[in-house]
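User: Hello! Could you walk me through this structure, one question at a time?

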Amino acid sequence: MLQALKPKVEKLLLTASPPHAHSRRSVGDFFWSTLGALIPIWIWSWFLLGWNSFRLAFVALASSFIFEAGYKWFSRTRFSFRDGSTALYAFLLALSLPADLPSTLVILGAFIAVIIGKSLYGGLGQNVFHPVHAARAVLFAAFPYEMTRWATSGVSRMNVDLSQPFFGHISPSSVGGVSIFAILIGGAILIFRRCFRWEMTCSHLLALWFGALLLGWNPVQTIFRGDVLFAAFFLITDWVTSPITFWGRVLFSVSTAACVLLISRTCSYFEAISYVILMANAFVPLIDWHFRPKR
Amino acid sequence: MNLSRPFKKGIALPNHKSRSLLSVQIHRIAPHRFLFFALSRGQIPCVEAGTRVFAGTQIAEGILPLHSSASGHVAEIAASGIRIESDEAATPDPAILPRREIPNAPELLSRFVRDAGIESLSAGHTPTHLRAAEALERKVHTLVLNACTSEGFGTFDDILMMNHPLEILKGAECLKTMCSAERIVIAADQDQIEALEVLNSRNYQLKLELETVSLPARYPFGTDRSVTEQLAGRALGRKEAPESMGYWVEHLATAFAVYEAVYLSKPLYERVVTVTGPCVTEPKNVWAPLGISVRHLIRSAKGLLRDPERLVLGGLMTGEAVDSLDAVIKKKHQAVLVLPKEWLHPEDEMPCIRCGLCIEVCPESLRPEALVRALRTGNCSPVDDDEIEACTECGSCDYVCPSRIPIVGVIRKGKKKCPPPALPQALAAPLVSYASSPQA
């Protein structure tokens, strides 16, 4: 019987180098899990902001896809959105912009994030700078009025009532900062899916706490703000642009926290975080070299 | 025992040993009609085509002799090996009789071990008598029998310990005499506690200086070097061998082979092989005659349940994949794994997303991500030369990489030729003289 099967069986056998097993985790696991963790924020933002936030998401997503597909066609590389990276960066961009931003600026932001921030560097995994923060930095520099229109509607920088952030501002600085509760649920989803870089979030928040104490601010009010927590959970913990070792990531988060505290004494946190993360991204290769594992 | 290395590194592989342990005995199979024995460098056949052989008859001479594993006659002698056509019975050679007196001198024991053709029964190729001589010279104080199979699937050591504990202990005693060690340590995984207890209970009668140790079953930490580090409590330097710390590490199956060689004067011509894998109908451990093809081992396990994707000889993470069912069993093959398609979960390769998992798990504290980038772009300045050489190709990084980058394949291609194994270079192949060959 085995003789009769011989040609068929041997045609099927493939030779490959070891190892012959895999842990079955894929890139898609990480990106789609993070997208899933953003869902509570979207739901809450619909309650508070109505269809405006979904408009942002839709425009960001559509334009990201079009730009990414266009670039891949132009550069004749492989065309696959299955890993969810385009969708993730599009949604993060939409969540870090204010809800009343005109759609044309969102399209411009998507262009900068996808083409300049990611594709021109070589695509997924090759970019040095975080695409979302690159887009935000350009939008802040070029269109400061539209990006900060929300501030005149009454919510000032540091006087924040603690009970309100849990259940949302009416005109938040960014859609992602809509509710702390939703962000924490998202963090729980990330922990559950084992995609959470806890060392970055925890060290960032601890550094903010102690830095606020040093500067004489109320640490609880410094940390428990929507946009601070959103940045700590989702914007800093990007896989591609943060250092590759544990202690490197801790240094990255702590230095980001220190710089953003220093800058936000005079500017708004909202702008500062983008510039600070871009500066820290520039130091990441150096951090990787110095924190490499010692043999 | 204290464990020096905290086990953050490495990966926890799923076990998969229970199916092949369902039948607790080692099965005997009849040798197939055609057996093929590959000749390694320095081995010269000492039989001609048509010579009648028995199981255990010497068919080649060299640094180590080679013996037939079945009775029959020699069909063909090629440059690469000897093909034997057997009569499907393993009639033992009448010249092989149990020894009346067991000597106590290391030199005589070494000669018996050498005449039986025993070399390391896992990946190495060094003859055991040479390793014993080196261990004697370096004055080792502990003989370690390594029964750790942290790769999963392989239950050959487990089943040997449960079925033939007395023989293993007797063989270990011979090895201990050969290297003048003071004590014996048998190291096994944490899930092999029963087997260790069987050994301990037998030792109650023999009263050897035996200690059994169970080590955590974390993947790349079952190798000889790693076991030495765990027992000694300190790390082994990169170029250091375990002998320099006073430990001679051998594999458990070698001890059994030494028992057979010394007490029964039976040469090494069969070994325990685990035939297992999700594709195999009845996974089991068999006494595989050397030279048998994989096809017949699989037939002894009642065939395949479904189409295999990959046939692996050796361990799951370090074994070689072969593309033909006619691959033959050599002394170093411990297991035959037949893996189906969904087991391997094949996916396309994605770009590296710098998640850092490979650096977290690397047991040698290397940077696989940087190595792959350097080797693929050709710019090797960010990595040191000895980082690439230091890679033991354990495959932990490949296992965890979410982007499915074939890291081990890339590093293998990029490595320079490794230095030769521990065979002393001054040893020339001995000249064969047929007149003085004992079984001519």
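Here are some questions and answers about the interface, a sheet and one residue.

Analyst: Happy to help: this is a predicted model, where local features need pLDDT of at least 70, side-chain atom pairs count only at pLDDT 80 or more, and totals for chains, interfaces and linings use all residues. Residues are numbered from 1 along each chain as its sequence is written, chains are lettered from A and ligands numbered from 1 in the order in which they are written, and side-chain values use heavy atoms, with hydrogens and water left out.

User: What area do chain A and chain B bury between them?

Analyst: The size of an interface is often given as the accessible area lost when the parts come together. Here, 44 residues of chain A are in contact with 59 residues of chain B (contact means heavy atoms within 4.5 Å). Buried area is the accessible area (1.4 Å probe) that two parts lose on being put together, summed over both. Of the area buried here, 57% is on carbon and sulfur atoms, and the value is about 4,500 Å².

User: Which residues form the salt bridge between chain A and chain B?

Analyst: A salt bridge needs a side-chain nitrogen of Lys or Arg within 4 Å of a carboxyl oxygen of Asp or Glu. The count between the two chains is one. Its closest N and O atoms are 3.1 Å apart, and the partners are Asp288(A) and Arg354(B).

User: Which helix gives the most to the side of chain A that touches chain B?

Analyst: Helices are DSSP runs of H or I with at least four residues, and strands are runs of E with at least two, numbered from the N terminus. H1 (2–12), H2 (27–49) and H14 (269–290) of chain A each supply at least two residues of that side. With seven residues, the one that gives the most is H1(A).

User: Which strands stand at the edges of the open sheet S3-S5-S6 in chain B?

Analyst: The three strands of this open sheet have antiparallel pairing, and two strands pair if DSSP finds at least two bridges between them. Each edge strand has a single partner strand, so one side of it is left without a neighbour in the sheet; these are S3 (44–45) and S6 (66–67) of chain B.

User: Is Ser86(B) buried or exposed?

Analyst: Buried means under 20% relative accessible area, exposed over 50%, and partly exposed in between (1.4 Å probe, protein chains only). Ser86(B) lies in strand S8 (residues 81–86) of chain B. Beyond its neighbours within four places in sequence, its contacts include Pro31(B), His32(B) and Gly72(B). At a relative accessible area of 5%, Ser86(B) is buried.
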